[in-house]
Each structure stands twice: as structure tokens, then as C-alpha cells.
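Thank you all for coming. I would like to take a few minutes to walk you through one part of a structure that may be new to most of you.

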Amino acid sequence: MRFSASFSVLFAFVSYAAAQSAEWGQCGGIGWTGATTCVSGTVCTELNSYYSQCLPGTATTAPSGGSSTTSAASAPSSTATVGLAVAAKAAGKTYFGSATDNPELTDTAYVTILNQTSEFMQLTPGNSMKWDATEPEQGVFDFSGGDQVVNLAKANGQLVRGHNCVWYNQLPSWVSGGSFTAAELTSIVQTHCSTIVSHWAGDIYSWDVINEPFNDDGTWRSDVFYNTLGTDYVPLALQAARAADPNAKLYINDYNIEGSGAKATAMLNLIKSLQSQGVPIDGVGFQCHFIVGELPSTLQTNIEAFTALGIELAITELDIRMTLPATDALLEQQKQDYQTVIGACNAVEGCIGVTIWDYTDKYSWVPSTFSGQGAACPWDENFVRKPAYDGIVAGFQS
Ligand code: G3I
């Protein structure tokens with residue numbers, strides 16, 4: 001009898017232990033029939049109505065109904081019930097998407113959310129289509145990183161933005177340090193753009209053919225391309241891209257052109273000049289790497305000015321950073337700022353889509369570039385949705 005009672009207790013314990021999900025395991029969501037509690041040291045966190053996950057941490061509120069489900073600790077959190085891509089589609093936009101990068105694709109918890117087409121209908125490889133990754137030695141091409149992102153997007157039915165053909169940064173030294181004649185560099189640019197665009201032809205919605213050509217005062221950036229070819233490198237690259245994939249939308253992408261000013265004017269003039277010469281140009285990318293509380297006041301009128309040229313416009317790299325630590329007040333202002341940016345795009349038909357420059361603070365580029373700043377994304381580093389998420393939804397519903 002004593003033995004039997006002990007066995008019952010042991011059996012009950014084993015059953016309970018087996019009923020707990022492991023760290024990063026699923027613990028709830030519509031249709032989920034498995035364990036709804038998590039192993040010690042993790043908390044069942046609702047990521048959306050279809051997926052709750054055991055994330056590292058401890059519950060800050062008493063579990064209700066025997067479950068250890070909680071939302072974003074004590075910080076203000078998201079309560080929206082619609083996915084970001086669903087909200088964008090309902091607003092008539094072509095997509096809502098996220099940048100991603102190859103090292104992150106080994107993070108199961110990260111990929112689980114990235115794969116959700118209710119959130120992301122589009123991906124941009126953050127690094128793996130750049131020149132240093134795709135043509136590290138002259139004539140030696142490596143498509144492996146870009147293929148990985150494209151194949152993931154195809155499996156999910158997500159669009160892809162190609163990023164990028166010609167940029168002053170992340171160039172291999174054989175390009176940045178080369179000493180070329182105009183004829184040599186013309187051939188190099190044509191070969192590079194033509195080869196990478198044709199490799200992914202049919203799989204890419206739009207290409208950032210030219211990235212960041214201007215200084216902040218609107219003058220041309222001094223780099224190997226401009227210094228050797230003058231402004232001719234722009235039409236050269238666009239024409240090579242068009243020939244390589246006639247169906248991809250061809251963009252020029254830049255930052256600090258989101259509000260009116262010298263740099264935006266330079267970009268408007270470049271697009272008008274290309275159009276007058278019959279050079280293919282389909283769109284402009286507003287990167288939108290913003291700071292909480294410091295949005296350009298002319299964002300919407302500037303979107304209108306660019307789309308009035310008959311091109312489409314996309315918000316290509318949105319994030320809104322803050323000085324850490326993230327306070328409730330900063331998170332609330334960030335929510336308002338995301339809503340303002342999305343609302344500006346929503347108000348103009350020619351603004352066709354929005355990409356955030358990765359969706360989680362865990363993989364944001366911001367902290368390593370701006371010391372003491374971060375928390376720029378709509379999901380925090382534990383994959384919990386922030387108020388910013390609700391700001392995006394509200395922007396698409398405005
Ligand atoms: O590939 C090397 C790796 O071999 C090395 O071990 C590692 C050590 O730090 O560095 C790796 O390179 C890093 C690269 O990302 C790939 O991870 C570089 O140091 C790092 O500087 C680079 O940062 C990228 C940055 O562009 C470079 O300018 C960011 O991830 C990427 O998000 C960022 O994206 C840019 C857009 O392309 C254009 N607009 C601005 C945006 C933010 O800077």
C-alpha cells in the first residue's frame with residue numbers, strides 16, 4: 001500500500017513533468033493540444049493567438065487557471081489581435097515584411113515568427129546579397145546566403161526585396177581599393193548587377209539597384225563608382241538590372257530623404273533626370289531609420305512628392321531607436337511614432353509596402369552602431385510584442 005501510494009505520486013510527477021514544454025517549445029495557441037505549462041525558468045508567452053512559446057524568464061504575475069502564461073512582464077505590451085501583414089493587406093498595401101540575416105536562421109524561436117505570413121509577407125536579406133557576399137573575388141560568385149533567404153521566402157509564399165547591387169559600403173577590397181579605367185569599372189558594374197539579378201530573376205519583387213548614392217547635403221557620395229564613372233554608374237546599373245530581370249521593380253534606396261530637404265531634392269532630381277533619359281526606374285526606397293520623438297514632420301508630403309513622379313515608394317528599413325533603458329514613456333512614444341510612419345504610408349496609394357529592419361531587438365543592427373541606443377524594433381529581445389506593434393496596426397487602420 002505504501003509502495004503503491006509512492007508509485008502514484010511518482011507517476012503523477014512524471015506525468016506532470018512530461019506535460020511541460022521545453023524552453024522554446026510551444027505551450028499554447030488556437031488548435032494546440034499539447035502541454036500548456038513550461039519547464040522551470042521559462043514562461044509560456046503568447047506571441048499571437050495561434051502560438052504561445054516557453055521563453056526564458058519567470059512569470060511576474062500569478063498564473064491564472066493553472067497556466068503560467070504571461071505577457072510582456074510589467075512593461076506596457078501589445079494587445080492587437082491582427083497580424084501586421086494582415087493589417088497591411090487590409091489597407092491595400094502589397095506587403096509588410098522584415099529584414100533577416102543568415103546567422104539568425106538557426107534560431108528556431110526567431111524563424112517560427114519570421115515564417116508567419118500573417119506578420120510578414122516579404123523578406124529582405126540584410127547582408128547576403130551585398131557585393132562582399134556575392135562577388136568576394138572578381139568573377140567568383142557566391143549565392144548561398146541569398147539563396148537561403150530566397151528559398152525560405154518561397155517556401156513561405158513571401159515576396160523578396162533584393163538588397164543591393166551597387167553601394168559604397170560592404171564592398172570587397174578588389175572593388176573598393178581597385179584602380180580602374182571607366183571602361184573597366186563599367187564592365188565590372190554591369191557584370192555584377194547582371195549576374196546577381198539574373199541569378200534570382202523571377203524570385204525578386206524589387207531590387208535596391210542603387211543604395212545610398214548621396215551625402216546628407218545632397219551632393220554625390222565620393223566612392224569608387226562616382227569617382228571613376230561620375231553619375232553614369234546609376235543608369236549603367238539600372239539598365240543591367242532591367243535586362244537581367246525585366247519583371248523586378250528597380251529602386252534607388254537611401255536614408256535622410258524621408259523629410260524634405262537638400263538630400264530629398266537631390267533624389268527627386270535624379271529620378272526626374274533618369275526618367276527624362278528613358279532609364280528604367282520604378283521606385284524609391286525610404287529607409288526610415290528613425291529616432292523616437294524625432295520623425296521628420298514632412299514625411300507624408302514628401303512621400304506624395306516622390307509618388308507624384310509616377311514611381312512607387314516603399315519604406316524599406318524601418319526602425320525607431322531610443323536611448324536605453326526603454327522606459328514606459330519611450331515605448332509609448334515609439335508606438336505613436338510607428339503609427340505616424342505607417343499612417344503616412346497608408347495615406348498615399350503609391351506607398352506600396354513597409355519593411356522593418358528586422359523584427360526583434362535581439363537581432364537589430366542598432367546597439368552595435370549607436371552606443372547606448374536600441375530597442376528599435378516592434379518585438380523585444382525575448383520575442384514579446386511591444387506597444388510599437390499596436391502602433392503599426394493602428395497606422396494601417398488609420
Ligand atoms: O561578415 C563578417 C564576419 O565574417 C565577421 O566575423 C563579423 C565580426 O564582426 O563581421 C561580419 O560582418 C558584419 C556584417 O554586418 C555581417 O554580419 C559587419 O561587421 C557589420 O558591420 C555588418 O553590419 C551590417 C551593416 O549594414 C553594414 O553597413 C548590418 O548587419 C546591416 O543590417 C546593415 O544594413 C544597412 C543596409 O544595408 C543599408 N542601410 C543601413 C542599414 C543599417 O546600417
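I will talk about one strand and its neighbours, and please keep in mind throughout that this is a predicted model.

The strand I have chosen is E14, which covers residues 312–323 and is mostly covered, with eleven of its twelve residues buried.

Let me begin with the pairings that come from earlier in the chain. Strand E12, residues 283–286, runs parallel to E14 and is joined to it by four bridges, and within this pairing Phe-286 stands opposite Ile-315 of E14. Strand E13, residues 289–291, also pairs with E14 in the parallel sense, here over three bridges, and if you look for Ile-291 you will find it opposite Arg-321 in E14. To get from E13 to E14 the chain passes through helix H11, residues 299–307, and this β-α-β crossover is right-handed.

Now to what comes later in the chain. How many bridges join E14 to strand E15? There are four, and E15, which spans residues 351–356, runs parallel to E14; as one example, Ala-314 has Gly-353 in E15 as its bridge partner. The connection is made by helix H12, residues 328–346, which together with E14 and E15 forms a right-handed β-α-β unit.

Finally, is the pairing of E14 with strand E16 parallel or antiparallel? The two strands pair in the antiparallel sense, over two bridges, with E16 consisting of residues 373–374, and in this pairing Met-322 stands opposite Gly-374.

Terms used
Residues numbered from 1 in each chain as written. Predicted model: local features only at pLDDT ≥ 70, side-chain atom pairs only at ≥ 80, totals over all residues. Heavy atoms only, no water. Buried < 20%, exposed > 50% of the residue type's maximum accessible area, 1.4 Å probe, protein only. Pairing = 2+ DSSP bridges. Right-handed = clockwise from strand over helix to strand, strands pointing away.
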